[in-house]
Protein chains: 2
Amino acid sequence: MPTPTEAVPPRTVSRRLAVLGPGLIGGSILLAARARQPELRLSVWSRAGDELAEVRRRGLADVVTDDLPAAVRGADLVVLCTPAGAMASVAAEFAPHLEPDAVVTDVGSVKAPVVAALDPLLPRFVGGHPMAGRELAGLGAARADLFAGSLCFLTPTDRTLPAAGARVANFWKALGAGRVHALPATEHDELVALISHLPHIVAAVLLETVASAWPDGAALACSGPGLRSVTRPAAGLPELWTEILSLNRSAVASALRQFAGQLEAFAQCLEPGREAELAARLRSAAARRRELPELGQPEP
Amino acid sequence: MPTPTEAVPPRTVSRRLAVLGPGLIGGSILLAARARQPELRLSVWSRAGDELAEVRRRGLADVVTDDLPAAVRGADLVVLCTPAGAMASVAAEFAPHLEPDAVVTDVGSVKAPVVAALDPLLPRFVGGHPMAGRELAGLGAARADLFAGSLCFLTPTDRTLPAAGARVANFWKALGAGRVHALPATEHDELVALISHLPHIVAAVLLETVASAWPDGAALACSGPGLRSVTRPAAGLPELWTEILSLNRSAVASALRQFAGQLEAFAQCLEPGREAELAARLRSAAARRRELPELGQPEP
């Protein structure tokens, strides 16, 4: 299968977009589309009346509705931005009303369970995951530049039509994504267990360790910039992260075991006489960190 | 003993300051003093001719010398900013040349070994540790606002004269420190093992885990803002951090054990059926993180 980043014919560009669930990610898609693709026709669906009212008030879409069939009618690209647990039931409800060539994608942080649930329901489904976010939730926290320069994963299967993948890849690039990377869903889930879920857990566990070590959280009250940086992702929404870690439990557990093993190896280098090994580990980490891009985006 | 933050008579304010070792911290002291205390007379000592030349070229001090007795002559406050391992020999060399009422402080990240080495040599020594820094080193990385709003620890002993502690506390406040906190040196070292050294290790170990999990560091190349934030301190100078962790090895090992225990407890909550406990841990961490101040400073 060609990767979605290859040159593609014009029909792989979306002209009518439906966003289902205008929260932080869905709302940022609307804002980015308005800013970068003013010709794109936008429809929005939500079950929450206040969310729809805000979309209307801010003029973020052309069609604003709590009627799923009406939201997907005419759309050539449908983006599912609901919590992962709700995606299958929402998809089953709108599937019969899709246009014949409509492509569906989603923005869930864990892909294997979503792909397993949606691929049988939708003829042109491509799982997606933009590596962007904030520690805040909801349309009020949405930003037009949320995806600028970010990495977006796609998880096509053997069944995925190349043109469908290309349409989704082009959509993300048009919203500002710096890189679109296609890989199998299970591989994606192992990867994000390491680069996203493990850092979140490490941040949360570090906070708990520092808070509980001294009475009344007195140690935490002395935090400096290092501790604040390391613990920053832990401010993310607990409900969202409970769902993410539960959906990806096996890969996360494996990442945690790898981390615990590395931690134990590091601890042994603290013993007297092993300063050269300690220095080598710190040099390696410093070199690796300096190769990473700077913090240019809000935290997920 | 009164804490150094109490109201104090005027003689507890420094008028002539000697900075020994104008690197990142020493250089930032010079810049902050020039910006906030233009009346303060500054002398600088270094063994490195290029460092002295840069201090002279930038006009950062009134006396610039590689002669230790000349540097401390006339100074009522001497700030030792050399690496911790060099402090005792430098102190022994300048001690006979100090003015009778001169107070000496230092900026080392670990306090018990420094206090044990310097307190017997210097009649008016007060250990200090500004919780500020950058992942860069040297005078070129120094900043006038490095200490703005930061926390500064002092580690007086039973022998410390209250006026000496007050002079050092006032010095840091005059440079912009938001808070000066006095505590025993061993307590300080246990505290920074938790809030500074443990986060550094966690950042380094996380980088190693992610880098080694996939071939050729492919996982690290997909880093998002969360991983970048959590690993940021690991870019710090390996030589400096090898010294810090070695000097504080016992407290660091204890902090690591506490962290490993909390990590294991968290991992158990990933098992099916324990979602409520998982959610409770994530809620607690999010609440704790949201209570911390935002990242307003460069990383140490």
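How much area is buried between chain B and chain A, and what share of it do carbon and sulfur atoms give? In this predicted model, the buried area comes to about 7,600 Å², and carbon and sulfur atoms account for 71% of it.

**The interface**

Begin by selecting both sides of the contact, to which chain A brings 85 residues and chain B likewise 85 residues. Four salt bridges are found across the interface of chain B and chain A; to see one of them, select Arg249(A) together with Glu275(B), whose closest N and O atoms are 2.8 Å apart. Between the two chains there are also 17 residue pairs in polar contact, counting those in which both residues have pLDDT 80 or more.

Next, keep the side of chain B that touches chain A and colour the elements of chain B that each supply at least two residues to this side, namely β7 (151-155), α7 (185-213), α8 (225-231), α9 (238-247), α10 (249-268) and α11 (275-291). Of these, α7(B) is the one to show in detail, since α7(B) gives the most, with 20 residues. Coloured by residue class, this side of chain B divides into 54 nonpolar, 15 polar and 16 charged residues.

**The sheet of chain B**

Now select the strands of chain B that make up an open sheet of eight, with mixed pairing and the order β3-β2-β1-β4-β5-β6-β7-β8. At its edges stand β3 (63-65) and β8 (179-182) of chain B, each of which has a single partner strand, so one side of each is left without a neighbour in the sheet. Looking along the sheet, one finds neighbouring strands turned against each other by 20 degrees on average, with direction ignored.

Move to the β3(B) edge, where strand β2 (residues 41-45) of chain B runs parallel to β3(B) and is joined to β3(B) by three bridges; Trp45(B) has Thr65(B) as its bridge partner in β3(B). Add helix α2 (residues 49-57) of chain B, which packs on the sheet, touching β2 and β3 of chain B, and whose direction makes about 165 degrees with that of β3(B). Helix α4 (residues 84-94) of chain B also packs on the sheet, where α4 touches β1 (16-20), β2, β4 (77-80) and β5 (103-106) of chain B, its direction making about 155 degrees with that of β4(B).

**A salt bridge within chain A**

Over all chains the structure holds 20 salt bridges. For a last stop, select Asp62(A) and Arg34(A), which form a salt bridge with their closest N and O atoms 3.5 Å apart. Asp62(A) lies in the loop between α2 (49-57) and β3 (63-65) of chain A, and Arg34(A) in helix α1 (residues 24-36) of chain A, so this pair ties together parts that are 28 residues apart in sequence.

How values were computed
Residues are numbered from 1 along each chain as its sequence is written. Chains are lettered from A and ligands numbered from 1 in the order in which they are written. This is a predicted model: local features need pLDDT of at least 70, side-chain atom pairs count only at pLDDT 80 or more; totals for chains, interfaces and linings use all residues. Side-chain values use heavy atoms; hydrogens and water are left out. Contact means heavy atoms within 4.5 Å. Buried area is the accessible area (1.4 Å probe) that two parts lose on being put together, summed over both. A salt bridge is a side-chain nitrogen of Lys or Arg within 4 Å of a carboxyl oxygen of Asp or Glu. A polar contact is a pair of N or O atoms within 3.5 Å; within protein, one must be able to donate a hydrogen and the other to accept it, and residues adjacent in sequence count only if both atoms are side-chain atoms. Helices (H or I, at least four residues) and strands (E, at least two) are DSSP runs, numbered from the N terminus. Ala, Val, Leu, Ile, Met, Phe, Trp, Tyr, Cys and Pro count as nonpolar, Asp, Glu, Lys and Arg as charged, and the others, Gly among them, as polar. Two strands pair if DSSP finds at least two bridges between them. Axes are lines fitted to C-alpha atoms, for helices over the stretch in contact, and angles run from 0 to 180 degrees between N-to-C directions.
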